[in-house]
Each structure stands twice: as C-alpha cells, then as structure tokens.
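Good morning, colleagues. I would like to present one structure today, with attention to its aromatic residues and its nonpolar cores.

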Amino acid sequence: MVTPRRTGWLEGVVEIEDDAFPDDNNRYFAFSVPESRRVLLVRGDGFRTTYLGLALSTEVAPGRTRYDLETVPESGVPVQRLSGYDAVILAGLESLSSGAISGLTAYVNGGGGLLVFPPDGPDLSATNDLLDR
C-alpha cells in the first residue's frame, strides 16, 4: 500500500521481472489525488466522534488531501444531497429511517463511499438493516 504525499495528478509504473516476452513487463498508470474531499459525518446521539474529527483534520497530515467535514445528528441524514459527498461516515447510529436506508443504498450503489461504526449498545438492528441492503 502506498499513501500519496501530494495532491494533483500522479503517475507511476508497475514492473515485473524479465521473462521470455519483455514487452509486457511494464504497466503505466495515472490517477488524481484531489486537494479536498467532502465527507459527511452522521453522529449518533451520545457517540463520541472526537478522534474521527481529529483523524480527518489538517493538523494530522498537513499538505495532504484535505477533508471538508460536515457533521449532522442522527436525525439529520440529508438523503437528497448525499451525491454531493465523496464519503459518508455513520458513527454510532441507533436507528435509521427507511428513507435514509434507501438513500444510503442508492448512494453506495452509485459509487459513494460508506464507513460504518456500529453503536456501543447491543441493538444493532439499524446497522444490520443497512448492511442487508
């Protein structure tokens, strides 16, 4: 695994050892590392997200990709606007409406990133309902 050290377009090459056909030993690639990523953090009632916020702050990794973090409470999942985020983090949610589950399912099926931290309690039904989809 490699962590990019700068933003912008990066390029590289993967090489294998020489064999009988040397013309296919190199594969070139390029990808873009954006300057910022929009992340939505949906925080469950009473769930501490201090360390998540710190991990996504510019204080931890200056000069790397910046995360524009928006935090909303458990009841405020903006289902209609999820496509505006690069990733959604669900942290300790005790419940999710059927509309929120459908919106998150469509978001992930459309290529959105989802990170789930289940709640501390024994009731994982909201998390299981989402993951079943």
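I shall begin with the basis of the model, then turn to the interior and finally to the surface.

This is a predicted model, in which local features need pLDDT of at least 70, side-chain atom pairs count only at pLDDT 80 or more, and totals for chains, interfaces and linings use all residues. Residues are numbered from 1 along each chain as its sequence is written, and side-chain values use heavy atoms, with hydrogens and water left out.

First, the interior. A nonpolar core is a set of buried Ala, Val, Leu, Ile, Met, Phe, Trp, Tyr and Cys residues joined through side-chain atoms within 4.5 Å, where buried means under 20% relative accessible area with a 1.4 Å probe, protein chains only. The largest such core has 15 residues, and Leu-40, Val-42, Val-88, Leu-90, Leu-96 and Leu-104 have the most contacts inside it. Two or more residues come from each of strand E3 (36-43), strand E5 (87-91) and helix H2 (98-109); helix H2 gives the largest share, four residues. Separate from this is a second core of seven residues, including Val-39 and Ala-91.

Now the aromatic residues. The structure holds one aromatic pair (ring centres within 6.5 Å). The rings of Phe-29 and Phe-31 have centres 6.0 Å apart and planes at 10 degrees, so the pair is stacked (planes under 30 degrees apart). Phe-31 is found in strand E2 (residues 26-33). Phe-29, at 39% relative accessibility, counts as partly exposed (between 20% and 50%), and Phe-31, at 34%, also counts as partly exposed.

Terms used: Rings of Phe, Tyr and Trp (its six-membered ring) pair if their centres lie within 6.5 Å; planes under 30 degrees apart count as stacked, over 60 as edge-to-face and the rest as tilted.
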